[in-house]
Amino acid sequence: MKKAKLYCYYLVSFLLLSNLSLANLPLEKIRMQLRWHHQFQFAGYYAAKQQGYYRQAGFDVEIIAGNKNRQPVAELLNGRADFAEGNSEVLLARLKGQPLVALAAIYQRSPSILITRKDSQINSTEDLINKTVMLVDGVDSQDADLLAMLYASHSSLENINIIPSSYNIADLYQGKVHAFNAYISNEPFYLEERGIAYTALKPEDYGIDFYSDILFTSQAMAKNNPDKVQRFVNATLKGWQYALDYPEEIIQLLKQQYQSPKSLNHLRYEANMVRKLIIPELISIGHIHPGRLERMATTFQDLGMIDNTAALSGFVFNPSTWQDRLFGWWPYFVAILASLIAALLVQAYTNKRLSGEIERRKKAEQELKKLALTDHLTKLHNPRSFHQLLSAELKRSQRNQSSFSLIAIDIDFFKAVNDQYGHHIGDEVLQHVAQILCTNLRESDMCNRVGGEEFIIILPDTPEQRALELAERSRLAIEKSPFIKGEIYIGLTMSFGVTQWQPKDEINDTLERADQALYYAKRHGRNRVQLFKPEMAVAHAKEKQQSRPRVTADNGAGTTGDTAPIVHAPR
């Protein structure tokens, strides 16, 4: 045991000294091109530089702000940048023959929207006929997802007056245009600050679900310097994790070092929206799903924006083999060898004293780990724990050729509870519901709180029929168990969406089916259990487009009606 601890001590010393030695080697200058001005949209790059992650990887990085005349694809192709960040224009350019390679998709959801004034009565893309719409570069727009949204409801754009964007939101609220290209993390803040009601036309409501803020480089860079590319990607993703963990620190950095013109409140608004677009609680930062890229490419082809999708092959960066990386690192081996020799000279005279401290730290770390994976209010698994459990269950099912089911659950009309009785009663209702949900579960089942009033149950080795039966028992139990405290009596119901994992599924596929089944249950009466059916996937997209309320300054995010009042009677 003592020898093992000593070896660990040597190893830690070796790694620390190795990093110090590498940090002292000459740094390679790298130019990183952003899509727009300095703002929280690019927080991860600032964090990677400020925290020294780029320096540790051997880089001296210059972060270059973008503007309407300095756009990422053109800057990189013209050799004025080594790496860049752009939206779905990156994939579109690749499919049109440009030698680009995607390294990481930072935003899992696109922030691009069209904004209209609420008093203009423009509530859908169908209302834009004979209206003036601003897009980046006009009809040759780089906002591929916005063009795809327009094409999704118009066979031709000839009846829409598309003009180049002025990049000035005042043109919208002063009535110079009818619709303005915007980011959901930016322009809505200006309108809300001025008390101007607006409507947001979102591509996802028209079946357009694209990645955005894609980190990319040239095909030549990826082929000739794979080790450099991988080190830059790793440092960048580490920076993004830091920025999401400590957003206020990056906000202050933006104001003090990068002179961001945005107010502190605007940057905080942007930081909150950026986290929702990255979805770090459920998806690894930077993850790119090949199937989703294929759907994006097919959408471009179906809308006539490209002839074919042949260029999609090889678009995503494929890290080099270990032999390639070994060859790329040979200049550092002398420094590493010297560090190893120095590390081996470290004596273990503090070993006994450290052993007790190590044991205490282990216990503290175990306790912190438990707290980090538990929802403090309901004591259920939190979103981070849920993602780990779901990934483990998927791998177990693949290994054992078994299956599992998911039940997505939402408390009906929960917002009305908070509005009428306050959040302290709402918190007690959540605890009440969590206790009931756990009553009918087996020891192997896992109940998770993944949102405000949202829960997901993982049922290992459970076919969908048994999951339906469990969901129905839980529904009845909730319906028969009102929340009672003093004179407060609150009748509760919940909606359930059920699906079974299929061998071809990625994690997101199973989650999406459960969510669509839940959405169907809520749109068809609530207080019901709904098994996912294949036709729901198409119906879900159509129903969102036709009847789902849109995001406006008056009602915030689009809802499914859960703000309607509930009947709450005193005892």
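**A five-strand sheet and its helix**

The protein has 22 helices and 18 strands, as seen in a predicted model.

Visitor: What percentage of the 571 residues is buried?
Guide: A residue counts as buried when its relative accessible area is under 20%. Of the 571 residues in the protein, the share that meets this is 51%.

Visitor: What share of the contacts with a separation of 6 or more joins residues 24 or more positions apart?
Guide: Contact here means heavy atoms within 4.5 Å. Among contacts in the protein with a separation of 6 or more, residues 24 or more positions apart account for 76%.

Visitor: Which strands stand at the edges of the open sheet of five strands?
Guide: The pairing in this sheet is mixed, and the order is E12-E13-E11-E16-E17. An edge strand has a single partner strand, so one of its sides is left without a neighbour in the sheet. This holds for E12 (446-449) and E17 (529-531).

Visitor: By how much are neighbouring strands of this sheet turned against each other on average?
Guide: The sheet runs in the order E12-E13-E11-E16-E17. With direction ignored, the average turn between its neighbouring strands is 20°.

Visitor: Which residue in E17 stands opposite Val 498?
Guide: Strand E16 covers residues 494-500 and runs parallel to E17, with three bridges joining the two. Opposite Val 498, in E17, stands Leu 531.

Visitor: At about what angle to E16 does helix H20 run?
Guide: Helix H20 (residues 464-479) lies across E11 (404-411), E13 (454-460), E16 and E17. Angles run from 0 to 180 degrees between N-to-C directions. Relative to E16, helix H20 runs at about 170°.

Technical notes
Residues are numbered from 1 along each chain as its sequence is written. This is a predicted model: local features need pLDDT of at least 70, side-chain atom pairs count only at pLDDT 80 or more; totals for chains, interfaces and linings use all residues. Side-chain values use heavy atoms; hydrogens and water are left out. Two strands pair if DSSP finds at least two bridges between them. Helices (H or I, at least four residues) and strands (E, at least two) are DSSP runs, numbered from the N terminus. Buried means under 20% relative accessible area, exposed over 50%, partly exposed in between (1.4 Å probe, protein chains only).
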